[in-house]
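Here's a quick briefing to read with the model open beside you. Have a look at the fold, the ligand site and a few well-connected side chains.

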Amino acid sequence: MPDRGDRSLAQVLTSRPHTIEEQLSWDTLPEQAALEASSQANAPPEVLAATVAASAGQGGAVSAPWSAGTPAGELVYPAAPALARVAGNLRLTDAHASCDIRHIVLDFGQTAMPVLEGQSLGVQPPGVDASGRPHHVRLYSIASPRDGERPNYNNLSITVKRVTEDHSGAPARGLCSNYLCDLKAGDEVRVVGPLW
Ligand SMILES: Cc1cc2nc3c(=O)[nH]c(=O)nc-3n(C[C@H](O)[C@H](O)[C@H](O)COP(=O)(O)OP(=O)(O)OC[C@H]3O[C@@H](n4cnc5c(N)ncnc54)[C@H](O)[C@@H]3O)c2cc1C
């Protein structure tokens, strides 16, 4: 692996973008060139205004959940799962693609679910198994930042792949992934977590 160091954040000068040929010849990223102090000085006003508007949300402090100092896990247990409401279910893959992957936003309302990046949620599919017990919980990685899809809204998202075959390729209908991928806005989901 090339040593990226802090050059992974290197900016490209608008006056001299790297050519494809140059990039293909690199084993390591080039040194950061000194930024042009007036690189945008000649840009049209509407471009400058659009740039400012587009980058207004970048940087700045991100409010951490109260658990960030001492990350919390398993605040909600399977015996008493939290009820989250589906705020959105967006199919990420094309309708004709071979797999169905969904971005699902869950709204927790008044229930505390302070997650950190890297944690997972447990989802309990409805119904019972062959022995009459509730289905076991399936884990899904948190796909949103710690303050959710929208700061000050108590939501978070997961990304779910619909399981239609088992590990050997034989047709199989994954219980929880199909349940999640078929959810509609407003549906309730039983959730436990956060989990590591
Ligand atoms: C820490 C962790 C994080 C996870 N994060 C995500 C995530 O972000 N998104 C996500 O979609 N899944 C994630 N998973 C997998 C998820 O927990 C479920 O295992 C998956 O959705 C299948 O559950 P199911 O109930 O649909 O299938 P089941 O009904 O449990 O299984 C049906 C059949 O499919 C097979 N099978 C199970 N999972 C798969 C698979 N992935 N590929 C092929 N065959 C399979 C089973 O062996 C079985 O034969 C994660 C798992 C872990 C452990």
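Strand E2, residues 101-107, is mostly covered, with five of its seven residues buried. Here "buried" means under 20% relative accessible area, "exposed" means over 50%, and "partly exposed" is in between (1.4 Å probe, protein chains only). Helices (H or I, at least four residues) and strands (E, at least two) are DSSP runs, numbered from the N terminus.

This is a predicted model, where local features need pLDDT of at least 70 and side-chain atom pairs count only at pLDDT 80 or more, while totals for chains, interfaces and linings use all residues. Residues are numbered from 1 along each chain as its sequence is written, and side-chain values use heavy atoms, with hydrogens and water left out.

**E2 and its partners**

- E2 pairs with strand E1 (residues 82-91) in the antiparallel sense, over six bridges; two strands count as paired if DSSP finds at least two bridges between them.
- On the E1 side, Leu90 has His103 of E2 as its bridge partner.
- E2 is also joined to strand E5 (residues 155-161), by seven bridges, and these two run antiparallel as well.
- Two of the E2-E5 pairs are easy to find: Leu106 stands opposite Leu156, and Asp107 has Asn155 as its bridge partner.
- E5 is mostly covered too, with five of its seven residues buried.
- As a rule, side chains in a regular strand alternate between the two faces of the sheet.

**The loop between E1 and E2**

- Thr93 sits in this loop and counts as buried because its relative accessibility is 19%.
- A polar atom of the Thr93 side chain lies 2.8 Å from the backbone oxygen of Cys99. That is a polar contact: a pair of N or O atoms within 3.5 Å, where within protein one must be able to donate a hydrogen and the other to accept it, and residues adjacent in sequence count only if both atoms are side-chain atoms.
- Leaving aside neighbours within four places in sequence, Thr93 is in contact with Cys99, Asp100 and Ile101; contact means heavy atoms within 4.5 Å.
- Asp100 lies in the loop between E1 and E2 as well, and it is buried because its relative accessible area is 7%.
- The Asp100 side chain makes a 2.8 Å polar contact with the side chain of Arg102 and another of 2.8 Å with that of Arg162.
- Not counting residues up to four places away in sequence, Asp100 touches Arg91, Thr93, Val160, Lys161, Arg162 and Cys181.

**The ligand site**

- How many residues surround the ligand? There are 16, and the closest are Leu139, Tyr140, Thr159, Cys176 and Ser177; a residue is near a molecule if one of its heavy atoms lies within 4 Å of it.
- Strand E4 (138-141), E5 and helix H3 (175-181) each supply at least two residues of this shell, and E4 gives the largest share, four residues.
- By class, the shell has six nonpolar, six polar and four charged residues. In this count Ala, Val, Leu, Ile, Met, Phe, Trp, Tyr, Cys and Pro are nonpolar, Asp, Glu, Lys and Arg are charged, and the others, Gly among them, are polar.
- An N or O atom in the Tyr140 side chain is 2.7 Å from an oxygen atom of the ligand.
- Backbone N or O atoms join in: one from Cys176 lies 2.8 Å from a ligand oxygen, and one from Glu165 lies 3.2 Å from a ligand nitrogen.
- Taken alone, the ligand exposes 920 Å², and the protein buries 61% of that. Accessible areas come from the Shrake-Rupley method with a 1.4 Å probe, and for residues only the protein chains shown count as cover.

**Arg138**

- Arg138 is found in E4 and counts as partly exposed because its relative accessibility is 24%.
- Its side chain reaches the backbone oxygen of His136 at 2.9 Å.
- Arg138 and Gln124 are 14 residues apart along the chain, with their C-alpha atoms separated by 6.6 Å.
- Leaving aside neighbours within four places in sequence, the contacts of Arg138 include Leu121, Gly122, Val123 and Cys176.

**The whole chain**

- The protein chain has three helices and six strands, in the pattern α-α-β-β-β-β-β-α-β along the sequence.
- Of its 196 residues, 29% are buried.
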